[in-house]
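Colleague: I'm new to this one. Could you show it to me and take a few questions?

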Amino acid sequence: MRIEILHGDITARKVDAIVNAANSSLLGGGGVDGAIHRAAGGELLEACRELRRTQLQDGLPVGSAVATPAFRLPARWVIHTVGPNRHAGQTDPALLASCFQESLTVAAGLGAQSVAFPAISAGIYGWDARQVAQVAFDAVGSFSSSGRAGDSPLEVVEFVLFSEDTTAVFRTVLESSPGLG
Ligand code: ADP
């Protein structure tokens, strides 16, 4: 499994699955969530509403992940996860680690070979990009060394960062991550 850092718009990635930094309602929001819903079209919101009706009446918990089709996006699936919101006192890195781990588990379950992540919680939810990168790479490292990765075809994990600053932070942290960079 290899990690790639890219500067750009995650909605343009032609990978098997892109991860959405959603909120618990799954009914859309700002930032990357808004961009993904705009690019995927109204069917994505319909699919999310259906999930809320059928299995997630109370919303998607922080740290969990769930997949829908990607509709008009070049990707095949969108994996929605809810990052911890620092402004709401959600400061436990284990919650953020869970977003990455659960999303990788869902991606593996879909048979995805490639998955693209944004900097979950590094925008509106107020986490420091450096900490997000550290948690993300640790999660990929522990996923790839765990049994869960053994049966999955997952080959490429991309991090697609919207700003040059965040891209530089992710590259620096990756270079200093033993065994990954
Ligand atoms: P959160 O609420 O989890 O913090 P945000 O969407 O506010 O989520 O921000 C997460 C990260 O996604 C931020 O670094 C933001 O700059 C970035 N982002 C926003 N739009 C896009 C996009 N189209 N592609 C990739 N990353 C994006």
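Here is our chat about the chain, its helices and the ligand shell.

Colleague: Before we start, what kind of model is this?

Modeller: Keep this in mind for everything below: the coordinates don't come from an experiment I can point you to. What you have on screen is a model that is predicted.

Colleague: Okay, in what pattern do the helices and strands follow each other along the sequence?

Modeller: Let's start with the inventory: the chain has six helices and six strands. Reading along the sequence, you get β-β-α-α-β-β-α-β-α-α-β-α.

Colleague: What is the radius of gyration of the chain?

Modeller: For a feel of the extent, the C-alpha trace spans about 45 × 35 × 30 Å along its principal axes. For 181 residues the globule rule gives 16 Å, and the chain comes close to that, so it is as compact as a globular protein of that length. Its own radius of gyration is 15 Å.

Colleague: Now the helices. Are H3 and H4 parallel or oblique to each other?

Modeller: Look at residues 93-110 for H3 and 129-145 for H4: their axes come within 9 Å and cross at roughly 45 degrees. H3 passes H4 in a right-handed crossing. An angle from 35 up to 65 degrees falls outside both roughly parallel and roughly perpendicular. H3 and H4 are therefore oblique.

Colleague: How many nonpolar residues does the contact of H3 with H4 have?

Modeller: On the H3 side you'll find Leu96, Phe100 and Leu104, among others, and H4 brings residues including Val132, Val135 and Phe143. Sorted by class, that contact holds two polar residues, one charged residue and, for the nonpolar ones, 11.

Colleague: Which residues of H6 make the contact with H4?

Modeller: H6 covers residues 164-175, and its axis comes within 9 Å of the H4 axis, crossing at roughly 45 degrees. This crossing is right-handed too, with H4 passing H6. From H4 come Ala129, Arg130, Ala133, Gln134 and Phe137; from H6 come Thr166, Val169, Phe170, Val173 and Leu174.

Colleague: And the ligand: which helix gives the most to the shell around it?

Modeller: The ligand is surrounded by 21 residues, and the closest are Ala21, Gly31, Gly123, Tyr125 and Phe162. One helix, at residues 31-40, supplies four residues of the shell, the most of any. That helix is H1.

Colleague: Last one: how many charged residues does the shell around the ligand have?

Modeller: Split the shell by class and you get 12 nonpolar and seven polar residues. For the charged ones, the count is two.

Definitions and conventions. Residues numbered from 1 in each chain as written. Predicted model: local features only at pLDDT ≥ 70, side-chain atom pairs only at ≥ 80, totals over all residues. Axes fitted to C-alpha atoms, helices over the stretch in contact; angles between N-to-C directions. Helix = DSSP H or I, 4+ residues; strand = E, 2+ residues; numbered from the N terminus. Parallel < 35°, antiparallel > 145°, perpendicular 65-115°, else oblique. Left-handed = near helix turned anticlockwise from the far one by under 90°. Contact = placed C-beta atoms within 7 Å. Nonpolar A, V, L, I, M, F, W, Y, C, P; charged D, E, K, R; others polar. Near = placed C-beta within 6 Å. Rg over C-alpha atoms; globule rule 2.2 N^0.38 Å.
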